[in-house]
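Please look at the model below before reading on. The report that follows describes a few of its helices, strands and single residues.

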Amino acid sequence: MTSLPQNRTAKKLGLVIDLDVCVGCHACVISCKEWNTGGYGSALSDQHPYGEDVSGTFLNRIHSFEVVPEGGQIIGEAGDARVVHFPKSCLHCEDAPCVTVCPTGASYKRAEDGIVLVDEEKCIGCGLCAWACAYGAREMDLAAGVMKKCTLCVDRIYNETLKQVDRVPSCVRTCPVNARHYGDLGDPNSDVSIMVAERGGFDLMPEQGTRPTNKYLPPRPRTSLSDSAPMIPLAENTEGASGFFAWLDKTLDRI
C-alpha cells in the first residue's frame, strides 16, 4: 500500500466553492472536460457519445438538490422553495484513503503542495481508490483502463508560459458567477482562507475523518420576496389618464 508524505510543507492548494452563488450552469464541468481532453491533461474518453447508452469520464460534476425549508416537510411548506447546486470533484484530502489503499503507488499526495494525483503509468485499474473515496470523486476511464481524477489543473497552475491570470484551475477561470476560488488554504492570510473564516466555510462529510482541503461556503439565508419587494398599489380606475395610457384605455374599452 502507499504511504502519505511525512515531511509536508504548510502549503495546501485547493478550492473554495460558494454554494450561495453557484447557478448550476455546468460551465466548470465543460471547461474541465475540454482542458483535460484538448489541452495538456490526459484525455477523458466518452463511450457511444451519440448513441442510446452514453457514458464518459468527468473530473468535475454538479449535483442539484431541492432544499426543504426549515420547519417544513415538503418544498414550499414553510418559506420559499430553493435549489442548491453542489459542484463536486476531488477534495485533495489531508488523510486521503484513496492514496493509502493503492497497491502500486499510482495514487499519491504531493508533499510540496498537498495535491493528490494519479500516476497513470503505475495504475492497474483495480478500482480500490474509487472504492475508498467517500466522495465518489474518482472515475475509471474505460478507454485508457486507468483511474482519473481532478488534478487541480497542475499543468496550468505551474505553467509559466501562461499568463498569470490563466494560472488557475480551468474551472475557476471559467466560472461566470465567481463561485469557485483557488488558493493556499494552508496560509491563514490567503484570500481563500479569509473567505472560509468569514463565511463559515465547512468540510464535506467531516465525519469521514479525511480532512479535505477543499471547502464549501454555505448558502446565505434568503429574504422572502414579499418582505423585500416594495408594494405598489394598483390603480382602481383610469380616470385622469393622459397620453399613451389614455389612448390605451379607450382602445381597450372598444374591445
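What follows goes through a surface patch, a pair of strands, a helix residue and two loop residues in turn.

The model is a predicted one, in which local features need pLDDT of at least 70 and side-chain atom pairs count only at pLDDT 80 or more, while totals for chains, interfaces and linings use all residues. Residues are numbered from 1 along each chain as its sequence is written, and side-chain values use heavy atoms, with hydrogens and water left out.

Helices (H or I, at least four residues) and strands (E, at least two) are DSSP runs, numbered from the N terminus. A residue is called buried under 20% relative accessible area, exposed over 50%, and partly exposed in between (1.4 Å probe, protein chains only).

Helix α8 covers residues 243-254 and contains Phe244, which is exposed with a relative accessible area of 52%. The expected span of a helix is 1.5 Å times one less than its number of residues; for the 12 residues of α8 this gives 16 Å, and the 17 Å between its end C-alpha atoms agrees with that. Of these 12 residues one is buried, so that α8 is hardly covered. Phe244 also belongs to a nonpolar surface patch of about 730 Å², together with Phe245, Trp247, Leu248, Leu252 and Ile255. Such a patch is made of residues with over 30% relative accessible area and no salt bridge (a side-chain nitrogen of Lys or Arg within 4 Å of a carboxyl oxygen of Asp or Glu), where like charges are joined within 9 Å and nonpolar side chains (Val, Leu, Ile, Met, Phe, Trp, Tyr) within 5 Å. The areas come from the Shrake-Rupley method with a 1.4 Å probe, and for residues only the protein chains shown count as cover.

Strand β5 (residues 82-89) is largely enclosed by the rest of the structure, because seven of its eight residues are buried. Strand β4 (residues 60-67) runs antiparallel to β5 and is joined to it by eight bridges, where two strands pair if DSSP finds at least two bridges between them.

Arg156 lies in helix α4 (residues 154-157) and counts as buried, at 8% relative accessibility. Although Arg156 and Arg167 are 11 residues apart in sequence, their C-alpha atoms are 5.3 Å apart.

Two residues other than glycine have a positive phi, as the table shows.

| Residue | Phi | Relative accessibility |
|---|---|---|
| His92 | near 50° | 0%, buried |
| Arg211 | about 50° | 46%, partly exposed |

Most residues other than glycine have a negative phi.
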